[in-house]
Amino acid sequence: MPSEDALLHLREDEASSEQFFFRSFSNCRLPANLYDHDGNRQIHSIVSQSDSLFPPVIHMPGNLASGCTFVVVDERLYFLYDRVERWSDVPDHVAFVAVRLDAERIAALAENATDVRLTPSEYLLLSHLLTGLDLKTAAARLGASYDTKRKQIQVILDKMGCKTQTVLLRNLSLEITAGILDEILPLQKRDFETALVKRQFGKDVIVNTISIGDGIDVPVWEFGARRGRPVLYFHSMLAPVVFHDEMIDTLKENGLRWLVVPRHFLGFEGNLDVQTRLARLTRALSDTMEYLTDEPLICVAESAGVTWAAHFARHNPHMVSQLVLAATPQVFKPEPGSHNPTIFIEMSQRVRRDERVIAGLTQIYNAFSRVPVLAKKGLAHLYRKSAADTACLETFFRHTHLSDWLRLIANHATFASVDEIANLQRDWLGDLKKTTCRVTFVHGEEDPISPIEDIQAIAETMPEASFHAFENAGHLILTQHFKALVSQMIAHEGLAHAAS
């Protein structure tokens with residue numbers, strides 16, 4: 001029999017749990033409950049259906065790298081999330097949040113499966129598989145033969161539109177996790193960049209966070225065909241997204257799954273060692289893409305993103321089928337036969353002589369980026385020699401998307417610009433020339449940042465590379481000719497498949 005003090009302490013814990021629950025989950029549309037460190041349910045009669053929906057005890061598996069998992073209790077599937085520190089006012093005794101997932105809710109959270117109807121038997125099998133059991137163990141747990149469940153999983157695959165069990169479980173776990181976290185996490189704790197990309201693209205973007213082993217948490221934004229051919233986009237210095245009105249439709253029409261890892265927001269602030277950041281980013285990307293995809297990647301890189309993509313492709317040759325480089329930056333040591341150094345080359349030489357120049361340039365860049373009027377004037381001057389770029393920038397600033405990203409990066413990823421400038425100074429061309437995949441250069445004839453002759457000279461030193469010049473295009477070529485570049489990329493990929 002608990003002592004009077006123990007009972008008093010228990011009632012105090014329950015009261016604080018109820019208050020926290022109402023503050024944090026009153027608007028949650030999913031059935032949720034709180035559990036303490038011993039796995040005891042915290043919310044009882046205060047929520048009308050809590051007693052019937054949630055078991056008295058749920059045990060959270062230990063050593064979870066991602067902070068979330070699936071468990072089956074009393075023939076029901078639950079999603080558990082133990083990163084309760086995301087709520088600043090969480091009581092000390094609360095250990096994790098539990099969300100109940102019935103068959104209908106699984107279908108509702110799954111992409112392209114909202115009309116799927118699972119039988120009770122199919123729901124139970126899928127639930128056990130989502131917890132990490134293999135098919136043989138799940139069949140034994142359910143008291144059925146392996147052959148029976150093997151046939152049943154094929155029926156589920158057909159319903160869900162997936163070819164393999166591995167693809168189904170990976171996609172479903174990601175989709176369910178993203179949907180639940182988007183619903184339960186406190187708004188004030190959400191990442192500013194996630195809020196902005198959702199504001200810009202709405203339901204057309206899926207936001208995931210992948211954590212593998214002891215690696216960093218990697219945000220992954222997905223656009224286009226959810227189960228299409230994977231394309232990994234290495235974004236420019238200006239923003240982590242492409243500003244093209246028909247981007248989503250174009251990707252879906254061509255069966256492409258556009259994946260973006262916004263490297264500015266990966267938590268490398270203060271680390272000015274370019275090689276360290278490169279190694280960490282490449283390792284995190286390769287681990288994440290191995291988890292997310294089953295086939296080689298088409299890597300698309302824009303402007304400063306080219307330098308990161310070259311490093312990734314060189315060190316992960318088995319993962320990349322094609323490298324498409326748009327608006328490739330000018331190298332600090334121009335190739336033989338190139339034109340006179342531009343202002344970029346002159347600045348690069350000064351940066352290489354004195355690293356303090358990087359910090360100074362970054363402070364100036366961020367100061368301008370924080371003020372839309374100054375950012376617009378500065379970029380207009382920088383791109384003034386390209387009519388295509390000037391028109392593009394006018395559109396960007398008319399809709400505020402670019403100015404929002406510039407201001408966000410300047411305020412919340414202060415050192416990202418330092419890393420971008422520093423990375424441009426290293427020998428990234430050496431990485432590029434050691435890649436083994438198909439390389440395609442696409443460049444605007446009006447590019448005011450990287451003279452087209454210099455980039456063509458680079459392409460000519462790579463016998464297997466192809467070079468395509470676009471009229472009425474400047475440094476912002478990916479936005480200006482997105483549909484044409486996608487068509488060209490698909491054509492090259494088709495030729496590559498035919499050749500193999």
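How many disulfides does the structure hold? The count is zero. This holds for a predicted model, and the cysteines are a convenient place to start reading it. Cys437 takes part in no disulfide, and the nearest cysteine sulfur, which belongs to Cys299, lies 7.2 Å away. A disulfide calls for a pair of cysteine sulfur atoms within 2.5 Å. With a relative accessibility of 14%, Cys437 counts as buried. Cys392 is buried too, at a relative accessible area of 10%; both values fall under the 20% that sets the limit for burial.

The overall picture comes next. The chain contains 21 helices and 12 strands. It has 500 residues, of which 55% count as buried. The exposed surface of the chain amounts to about 23,000 Å², with carbon and sulfur atoms supplying 51% of it. Contacts across the sequence are well represented: of those between residues at least 6 apart in sequence, 69% join residues at least 24 apart.

Two of the helices can be followed from end to end. Helix H7 runs through residues 165–184, and its 20 residues reach 28 Å from the first C-alpha to the last, close to the 28 Å expected at 1.5 Å a residue. Of these 20 residues, 16 are buried, so H7 is largely enclosed by the rest of the structure. Helix H10 covers residues 274–292, and its 19 residues span 26 Å between the first and last C-alpha, close to an expected 27 Å. The buried residues of H10 include the leucines Leu278, Leu281, Leu285 and Leu292, together with Val274, Ala284 and Met289. Arg277, Thr282, Ser286 and Thr288 also belong to the buried set of H10.

Helix H16 gives a good view of how helices pack in this model, and two of its partners are described here. The first is helix H8 (residues 192–201), whose axis comes within 11 Å of that of H16 (residues 401–412), with a crossing angle of roughly 175°. H8 and H16 are therefore roughly antiparallel to each other. On the H8 side, the contact is made by Phe192, Glu193, Leu196, Val197, Arg199 and Gln200. H16 contributes His401, Asp404, Trp405, Leu408 and His412 to this contact.

The second partner is helix H15 (residues 387–399), which packs against H16 at an angle of about 75°, with the two axes 5 Å apart. That angle makes H15 roughly perpendicular to H16. Here Leu393, Phe396, Phe397 and His399 of H15 meet His401, Leu402, Ser403 and Leu406 of H16. His401 thus appears in both sets of contacts, facing H8 as well as H15.

The loops also hold some residues worth a look. Asp74 sits in the loop between strand S2 (68–73) and strand S3 (76–81). Its phi is near 50°, a positive value in a residue other than glycine. At 66% relative accessibility, Asp74 counts as exposed. Ala327 likewise has a positive phi, near 55°, without being a glycine, and lies in the loop that links strand S10 (320–326) to helix H12 (343–353). Unlike Asp74, which is exposed, Ala327 is buried, with a relative accessible area of 0%.

Another loop residue, Ala473, is found between strand S12 (466–470) and helix H20 (477–480). Ala473 has a relative accessibility of 0% and counts as buried. Although Ala473 and Asp389 are 84 residues apart in sequence, their C-alpha atoms are 7.2 Å apart in space. Leaving aside residues up to four places away in sequence, Ala473 touches Ala388, Gly444, Glu445, Glu446, Asp447, Gln480 and His481.

The last site leads back to Cys437. Ser321 belongs to strand S10 and counts as partly exposed, at 22% relative accessibility. The C-alpha atoms of Ser321 and Cys437 are separated by 5.6 Å, though the two residues are 116 apart along the chain. Beyond residues up to four places away in sequence, Ser321 touches Cys437 and Arg438, as well as Arg229, Pro296, Leu297, Ile298 and Glu493. Cys437, which is in no disulfide, is thus a contact of Ser321 in strand S10.

Key:
Residues are numbered from 1 along each chain as its sequence is written. This is a predicted model: local features need pLDDT of at least 70, side-chain atom pairs count only at pLDDT 80 or more; totals for chains, interfaces and linings use all residues. Side-chain values use heavy atoms; hydrogens and water are left out. Helices (H or I, at least four residues) and strands (E, at least two) are DSSP runs, numbered from the N terminus. The expected span of a helix is 1.5 Å times one less than its number of residues. Buried means under 20% relative accessible area, exposed over 50%, partly exposed in between (1.4 Å probe, protein chains only). Contact means heavy atoms within 4.5 Å. Accessible areas come from the Shrake-Rupley method with a 1.4 Å probe; for residues, only the protein chains shown count as cover. Axes are lines fitted to C-alpha atoms, for helices over the stretch in contact, and angles run from 0 to 180 degrees between N-to-C directions. Angles under 35 degrees count as roughly parallel, over 145 as roughly antiparallel, 65 to 115 as roughly perpendicular and the rest as oblique.
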